[in-house]
Amino acid sequence: MRGRPPAAIVLSDAERAELLTLSQLRSTAQGRAMRARIILACADGGYGKDIAASLGVDQVTVSKWRRRFAAHRMDGLLDEPRSGAPRTLDDARIEDVIVRTLESLPLGATHWSSRSMARASGLSSTSVQRIWRAFSLQPHRVETFKLSTDPDFVAKTRDVVGLYVSPPRHAVVLCVDEKSQIQALDRSQPMLPLRPGQVERQTHDYKRHGTTSLFAALDIATGHVIGRCYPRHRAGEFRKFLDEIEANVPAQLDVHLVMDNYATHKTPLIRNWLAKRPRWHIHLTPTSASWMNQVERFFGLLTEKQIRRGVHRSVASLHQTIETFINQHNADPKPFRWTKSADDILATIERFCTRTTYTVNERTSGSGH
C-alpha cells in the first residue's frame, strides 16, 4: 500500500529543459543534479518511495525537494544561505587580487607568490590562496609549448598520420630518429639503496665517462625496434644504420620511413643511397613536431627506465644497457596505439591558436600597448 499520491508537479517546457540539462551535465554540482532528477521523476507521477529507491536517496529528501519546488519553482532547488560568519572580503578586493595576478608583476620577481600578493593587497596569505584556488590561478607554475612554423605543416601531418591510421599493404612503416649525446654517467659517491622508510638516494653530482648516439627504427605495426649505437651521429653513421634496416626488412616489402628533416638525413650521401632503392619512401614530420614521430615514445621509455637513474662507468657499459633494453623490448613488443586523426590534431592546434591570440590581444589592449 503506497497510499495517496502527492499532488502532481506540472513542468513548463522551459523548466523541463533546464532540469534535463542540470541532471545530465557532468560539470553540474552533484547535489543539484540529484535535485533535478528528483523533480523530473515527480513530474512523471512517481510515488515518493519508488523515486527514493530508484535514485538511491531517502524518501524524506524526495518530499523536501518536491515541496521546495512546488513553492518556489526553480529557485527552490538552490541552496539556502548558510549560517556562520559573514564574508569579510567584498567583491572589489577579490577583483583587485585577480587583476593584479593577471596584469602585473611584483618588483624583482617574474611571478607572484601568495606572500608577495598578500603584502601588495593587504590580505592574508591564506586568503590569497583561496582566491587563486577559486579562480584556478597558479602563478607559481609555467608550462612549455612550441608551435610548428612549417609552411607544409598540414600536408605533412595528414601524410604521416595517414600512415599511422591506415598503413599501406605489402609494406613496413618505420619511425626513425637518433637519440644523440647519451652520457655514460657515474655518481661521485656510492648510491644508497631503497629500504623501509627511505627512498633510493644518489648524489646530485656525477662523473662523465663519454657519450654515445642511438639510432632506432620502430615498426609501427609490431612495436619491434631496430637499434644501433654509434660514437657520433653524422651522415656516415646514418648511412650505416640504413644498411642495417635494409638487411632486416624482407626484400618483397616496401619501406615507408617516417623521420624529421635533420641535416644528417638530407646530405648527398643519403639522397644518393635512397635514390638507388625505389622501394624506400620518405615521409617527413613537420619541423618542431617531434611528438609526431612514434620512436620518440620509445626513447622516452628508455630514458625513464634505464638512462635517467642508471650508473655507467664506461661507454661500453652504457652500450650494454641500451642493447639489453632493446632486446627485452623486442622479446614482447607492443605497438603504440595512435588515437588522433589528422583532423583532430589540426582542430586542437586551431583552438590553441585562437585562445592564445585572444588572450594576447586582450592583454595588449588592456595594457595600453
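# Notebook: burial, contacts and a pocket

I looked up Q181 at the start and found that its relative accessibility of 47% makes it count as partly exposed. The model is a predicted one, and I read every value below with that in mind. I placed Q181 in strand β1, which spans residues 171-187. Its phi is positive, about 55°, although Q181 is not a glycine. I noted for context that most residues other than glycine have a negative phi.

**Entry on S288.** I then turned to S288, which also has a positive phi without being a glycine, here of about 60°. I located S288 in the loop that runs between β5 (280-284) and α11 (295-307). With a relative accessible area of 37%, S288 is partly exposed.

**Entry on T212.** I asked which residues T212 touches beyond its neighbours within four places in sequence. The list holds K179, S180, Q181, I182, C229, Y230, V315, L318, H319 and I322, so Q181 from my opening entry is among the contacts of T212. T212 itself sits in strand β2, residues 206-219. I recorded a relative accessibility of 1% for T212, and it therefore counts as buried, the cut-off being under 20%. Two partners of the T212 side chain were worth writing down. One is the side chain of H319, joined to that of T212 by a polar contact of 2.7 Å. The other is the backbone oxygen of Y230, which the side chain of T212 reaches at 3.3 Å.

**Entry on T321.** I next examined T321, a residue of helix α12 (residues 315-331). Is T321 buried or exposed? I found it buried, because its relative accessible area is 15%. Leaving aside neighbours within four places in sequence, I listed Q306 and H312 as the contacts of T321. With H312 there is a polar contact between the two side chains, at 3.1 Å.

**Entry on I9.** I found I9 in the segment that precedes α1 (13-24). Its relative accessible area is 6%, so I entered I9 as buried. Not counting residues up to four places away in sequence, I9 touches C42, A43, R66 and F69. I also checked I9 against R73: the two are 64 residues apart in sequence, and their C-alpha atoms are 9.9 Å apart in space.

**Entry on helix α3.** In helix α3, residues 48-55, I marked G48, I51 and A52 as buried. Why do they fall on the same side of α3? They do so because they cover an arc of only 100° around the axis. On the face turned away from that buried side I found the exposed residues K49, A53 and S54. Just after α3 comes G56, for which I noted a positive phi of about 75°.

**Entry on the second largest pocket.** I closed with the second largest pocket, whose volume is about 360 Å³. I asked how many residues line the second largest pocket and which lie nearest its centre. There are 15 lining residues, and L147, F153, W291, I345 and I349 lie nearest the centre. Helix α13, residues 342-367, gives the most to this lining, with five residues. Sorted by class, the lining has eight nonpolar, three polar and four charged residues.

Notes: Residues are numbered from 1 along each chain as its sequence is written. This is a predicted model: local features need pLDDT of at least 70, side-chain atom pairs count only at pLDDT 80 or more; totals for chains, interfaces and linings use all residues. Side-chain values use heavy atoms; hydrogens and water are left out. On a 1 Å grid over the protein atoms alone, a cavity is a set of points where a 1.4 Å probe fits but cannot get out, and a pocket is an open set with protein on both sides within 12 Å along at least five of seven lines; lining residues have an atom within 4 Å of a point. Grid points are joined across faces, edges and corners, and a volume is the space filled by probe spheres set on the points. Helices (H or I, at least four residues) and strands (E, at least two) are DSSP runs, numbered from the N terminus. Ala, Val, Leu, Ile, Met, Phe, Trp, Tyr, Cys and Pro count as nonpolar, Asp, Glu, Lys and Arg as charged, and the others, Gly among them, as polar. Buried means under 20% relative accessible area, exposed over 50%, partly exposed in between (1.4 Å probe, protein chains only). A polar contact is a pair of N or O atoms within 3.5 Å; within protein, one must be able to donate a hydrogen and the other to accept it, and residues adjacent in sequence count only if both atoms are side-chain atoms. Contact means heavy atoms within 4.5 Å. The arc is that of the directions from the helix axis to the C-beta atoms.
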